[in-house]
Amino acid sequence: MGLDKTVASAAEAVADIADGASLAVGGFGLCGIPGTLIDALWQRELNGLEIVSNNCGVDDWGLGLLLAAGQISRMTSSYVGENKEFARQYLSGELEVELVPQGTLAERLRAGGAGIPAFYTPAGTGTQVGEGGLPWRYAAGGVSRKESGESTVAIASPAKETREFDGRPYLLEHGITTDFALVRATIGDRHGNLVFRSSARNFNPLAAMAGRITIAEVDHLVEPGELDPDEVHLPGVFVQRVVRVTPGDPAAERRIERRTVRPEGDA
């Protein structure tokens, strides 16, 4: 691969992602999500995708598009509360879900990108996160089978290895690496160095580190040398492809997940 990592379009950037691929996807809610790349993936009509992301978009946007189309088979997330279709698929046994404490998820992504296979954390000790038994996938028919007395859980989380340090219990958690990562940055250069804007930074650098092939969509593409090294949030060593977002592209729209406004006339 040459130093110039730019590709002509989002469709070209995701062309080699296949059915069953695993992907780490940046963003938090709808903030900083790689909407153009997600849209390109949605149009390819792939199946069996295994996604690692803090959440799964909303019903009609972001990863919610892939979910509604039945393209996602497994989610590893920390928060999924804004997506009714997600709840329906999970409770009916159509979707496998691994819920992870948010800080643990962030560190698992970072660890995978840093080549650290596992680490110990106190988060989740004394709960089903450590003891196992959380329903990852419900049986066909989901929770509705409960009335018949049949088992409702097809796959449950395993117990995690526990070890004490200074008299306190810790759980062994494994680093995450994925086949691909999709992220969004405000500025990127042709070498893949990325700058994120404010809270849109969120999970994007961590997801980028975890992907074996990381694809970044950027609002502004600059030439090598234009970025001050002190500005760079993620060095290009973690990025293999860069796509400039087309101005006005509807898929790149910045939506507000939950809009809250003050009633007119309030002081």
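In this predicted model, Ser-22 touches Glu-50, Thr-178, Asp-179 and Phe-180, with residues up to four places away in sequence left out of the count. Ser-22 belongs to strand β1. It counts as buried, because its relative accessibility is 15% and the cut-off for burial is under 20%. The side chain of Ser-22 also reaches the backbone nitrogen of Asp-179, at a distance of 2.9 Å.

## Polar side chains: Arg-108 and Glu-98

A second buried polar site involves Arg-108 and Glu-98. Arg-108 is placed in helix α5, which covers residues 102-114, while Glu-98 is found in strand β4. With a relative accessibility of 10%, Arg-108 counts as buried; Glu-98, at 9% relative accessible area, is buried as well.

The side chains of Glu-98 and Arg-108 are joined by a polar contact of 3.2 Å. The side chain of Glu-98 makes a further polar contact, with the side chain of Arg-74, at 3.2 Å. Arg-108, for its part, has a polar side-chain atom 2.7 Å from the backbone oxygen of His-174.

The polar distances of these side chains are collected below.

| Side chain | Partner | Distance |
|---|---|---|
| Ser-22 | Asp-179, backbone nitrogen | 2.9 Å |
| Glu-98 | Arg-74, side chain | 3.2 Å |
| Glu-98 | Arg-108, side chain | 3.2 Å |
| Arg-108 | His-174, backbone oxygen | 2.7 Å |

Beyond four places in sequence, the contacts of Arg-108 are Glu-98, Val-100, Phe-119, Glu-173, His-174, Gly-175 and Ile-176. One of these, Glu-173, lies 65 residues from Arg-108 along the chain, yet their C-alpha atoms are separated by 7.2 Å. Counted in the same manner, Glu-98 touches Arg-74, Met-75, Thr-76, Ser-77, Arg-108 and Trp-136.

## The three-stranded sheet beside α5

An open sheet is built from three strands in the order β5-β9-β8, with antiparallel pairing. Its edge strands, β5 (118-121) and β8 (162-165), each pair on one side only. From one strand to the next, the twist averages 40°. Four bridges in the antiparallel sense link β8 with β9, the strand of residues 168-174, and Thr-162 has Leu-171 as its bridge partner in β9. Helix α5 packs on this sheet, where it touches β5 and β9, and its direction makes about 155° with that of β5.

## Helix α4

Helix α4 covers residues 84-91, and its residues Glu-85, Phe-86, Gln-89 and Tyr-90 are buried. Viewed down the helix axis, the buried residues of α4 fall within an arc of 130°, so they line one face of the helix. Among the elements that cover them are α3 (63-68), β3 (72-77), β4 (96-99) and β6 (135-138).

At the N-terminal end, α4 is capped by Asn-83, which has a side-chain oxygen 3.1 Å from the backbone nitrogen of Glu-85. Following α4 comes Gly-93, with a positive phi near 85°.

## Nonpolar cores

In soluble globular proteins, nonpolar side chains tend to be buried together. The largest nonpolar core of this model comprises 30 residues, and those with the most contacts inside it are Ile-17, Leu-23, Leu-41, Leu-49, Ile-51, Ile-72 and Ile-215. At least two residues of this core come from each of α1 (10-13), β1 (22-25), α2 (35-43), β2 (49-52), α3, β3, α4 and β10 (178-189). Helix α2 gives the most, with four residues.

Leu-49 illustrates the contacts of a core residue. With residues up to four places away in sequence excluded, Leu-49 touches Ala-18, Gly-20, Ala-21, Leu-23, Leu-41, Leu-66, Gln-71, Ile-72, Ser-73 and Arg-74.

Apart from this core lies another, of 23 residues, which includes Ala-185, Ala-216, Val-218 and Val-242. These four names recur in the strand pairing. Strands β10 and β12 (residues 211-222) pair in the parallel sense over 10 bridges, and Ala-185 stands opposite Val-218 in β12. Strand β12 is in turn joined by four bridges to β13 (residues 241-244), and the two run parallel. Here Ala-216 stands opposite Val-242 in β13.

Methods. Residues numbered from 1 in each chain as written. Predicted model: local features only at pLDDT ≥ 70, side-chain atom pairs only at ≥ 80, totals over all residues. Heavy atoms only, no water. Buried < 20%, exposed > 50% of the residue type's maximum accessible area, 1.4 Å probe, protein only. Contact = heavy atoms within 4.5 Å. Polar contact = N/O pair within 3.5 Å; in protein donor to acceptor, adjacent residues only side chain to side chain. Pairing = 2+ DSSP bridges. Axes fitted to C-alpha atoms, helices over the stretch in contact; angles between N-to-C directions. Arc of directions from axis to C-beta. Core = buried A, V, L, I, M, F, W, Y, C linked by side-chain atoms within 4.5 Å.
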